Structures are given as structure tokens and as C-alpha cells.
Amino acid sequence: VLEQREGGRETVVDVLRAGDYFGETELIEGRGRSFQHTLRCLGQVELLRLSKDDFEAGIIGKQPSAKLYSTIGIPCVRTLGFIQMVSPKEHLRLRPGEVAFSEGDPVDRFYVALSGSLSISQEGIFLGEIHEGECFGEMSLLSRCARRTKTATCTAANGCELVLLRKNDFMRLMKKSSVALECMQKIALMRRASNDVEEALDPILKKLNSR
């Protein structure tokens, strides 16, 4: 992958190998109509090329809710679709009351809720909900002080279907795609900020409820 610098000099900024992909950033974020880098083959190469329409069909799938778009933004919604399209994944179907994971379980998956909703609790105390189209599990995987076990329990509030990515596949994708990493970091920051607000309000609400 070559980038043109001042004076017309080309500089190598990356080397792509079998299994790598490129072009997703421009299509996900809608950055103009031309590529910003030059790709030059170092030998015989076979490529799988998707048209823009095929790419769109692959990442959008079921139409996300307006609430999801307003919560995490259009690029992140599209990136979640891209992650599911290019990553090895598993599907998990849960009936109401079944547990996706419990406190103390190993941190080894990233999740996207394809349908239904789930409740998050800690030591029996309700913390919040995960709704259709939302992802979870990214904070523990991306944290510099990575946890080895879950600190909460996730239970299906109604019948739901999840997509699961194993930790190694998730982290490999984060290294390969800058747009996916930026999206996950944004979602993790938003979730952390929301958690901080809830923690700050919790003692105030408890005091009000005790009156």
C-alpha cells in the first residue's frame, strides 16, 4: 500500500497478505469517490472484488432501528454489519430467562444482539438492557487492564439471537481494520461514560427513594 508524499515520492505504509481486505473505510464512512492510496502487486495476486451494492447488501442486512442510529451513529451501525460480514462467527439462540454468560465466566467473546433483548445484572442488581442491533463485550476485550472474567450476568429478557465472535477473531479484526477499531473504541467510551453517570446518580436516587 503506497501513499504519495510531498514531491510525488511514494512511501510504503502497509503490506497486505492473503486474507486481508481493503476499501471498507471509504464505503462505510462514505469518504468521497476515490481511494486515498495506491495498491501495487508484489507478485501474482487473486482478488475477490465486491461491488458497492453487494457490499451495502452484506453490511446492512436487517434494517436497524432509528434509535440505534441515533445512539451510536450511522458509521458505527454500518461497521457492526461489516464486522459480522467478514468475521468467523457463531450464532446463539436463547429462550427467555436463559443466560448468555454469568459473573466469573472468562472474557472470550464479543456479542451482537440480532434480535430480542437482554438484561445485565451484577450480584442480582439490575444494571441495564441490551436491545436488538446493539453490541456488548467490547469494553473488557479492548481495556488496557483486560479482565479475565466477567463482572456481570447477561440474561435473555425474551427470545433472542446473538452473534458471537471469539476473542482472537475480534482482536485480529481490530488490528486489520482501523474503522472497526475506531467504532469499537467510540462505543466503549460511550458505554463507560454512561456507566460513570449511573454510578454518580445511584447514591442520590437511593437517598430520594428512602424518603
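This report covers confidence, strand pairing, salt bridges and aromatic contacts in one predicted model.

Residues are numbered from 1 along each chain as its sequence is written. The model is predicted, so local features need pLDDT of at least 70 and side-chain atom pairs count only at pLDDT 80 or more, while totals for chains, interfaces and linings use all residues; side-chain values use heavy atoms, with hydrogens and water left out.

**Confidence**

pLDDT is the predictor's confidence in each residue, from 0 to 100. The protein chain has a mean pLDDT of 83. In this chain, 85% of residues reach 70 or more. Confidence is highest in β9, at 96, and lowest in helix α7 (residues 178-210), at a mean of 71. Where pLDDT is low, the predicted coordinates should not be read in detail.

**Strands**

Helices (H or I, at least four residues) and strands (E, at least two) are DSSP runs, numbered from the N terminus. Two strands pair if DSSP finds at least two bridges between them.

One open sheet holds four strands in the order β4-β9-β6-β7, with antiparallel pairing. Its edge strands are β4 (99-101) and β7 (125-130), and each pairs on one side only. The twist averages 30 degrees from one strand to the next; axes are lines fitted to C-alpha atoms, for helices over the stretch in contact, and angles run from 0 to 180 degrees between N-to-C directions. Two bridges join β4 to strand β9 (residues 153-156). Val99 has Thr155 in β9 as its bridge partner.

Strand β10 has antiparallel partners as well. Five bridges join β3 to β10. Six bridges join strand β5 (residues 109-115) to β10. Ala113 has Leu162 in β10 as its bridge partner. Six of the seven residues of β10 are buried (under 20% relative accessible area; exposed is over 50%, partly exposed in between; 1.4 Å probe, protein chains only).

**Salt bridges**

The whole structure contains nine salt bridges, each a side-chain nitrogen of Lys or Arg within 4 Å of a carboxyl oxygen of Asp or Glu. The table lists some of them.

| Pair | N to O distance |
|---|---|
| Arg5 and Glu3 | 2.7 Å |
| Glu161 and Arg93 | 3.4 Å |
| Arg95 and Glu98 | 3.3 Å |

Glu161 lies in strand β10 (residues 160-166) and Arg93 in strand β3 (residues 90-94), so their salt bridge ties together parts 68 residues apart in sequence. Arg93 also stands opposite Glu161 in the strand pairing. Glu161 is buried at 16% relative accessibility, whereas Arg93 is exposed at 62%. Arg95 is exposed at 59%, and its partner Glu98 is partly exposed at 28%. Arg5 is partly exposed at 36%. Glu3 is partly exposed at 26%.

**Aromatic contacts**

Rings of Phe, Tyr and Trp (its six-membered ring) pair if their centres lie within 6.5 Å; planes under 30 degrees apart count as stacked, over 60 as edge-to-face and the rest as tilted. The count comes to six aromatic pairs.

Tyr21 and Phe82 are edge-to-face, at 5.5 Å centre to centre and 80 degrees between the planes. Tyr21 sits in the loop between β2 (10-12) and α1 (24-29), and Phe82 in helix α4 (residues 74-86), 61 residues apart. Phe82 is buried, at 2% relative accessibility. The rings of Phe101 and Phe136 have centres 6.2 Å apart and planes at 40 degrees, so this pair is tilted. Phe101 is in strand β4 and Phe136 in strand β8 (residues 135-136), 35 residues apart. Both Phe101 and Phe136 are buried.

Tyr21, Phe55 and Phe82 form one aromatic cluster. The charged end of Lys150 sits over the ring of Phe101, 4.3 Å from its centre; the rule asks for NZ of Lys or CZ of Arg within 6 Å of the ring centre and within 35 degrees of the ring normal.
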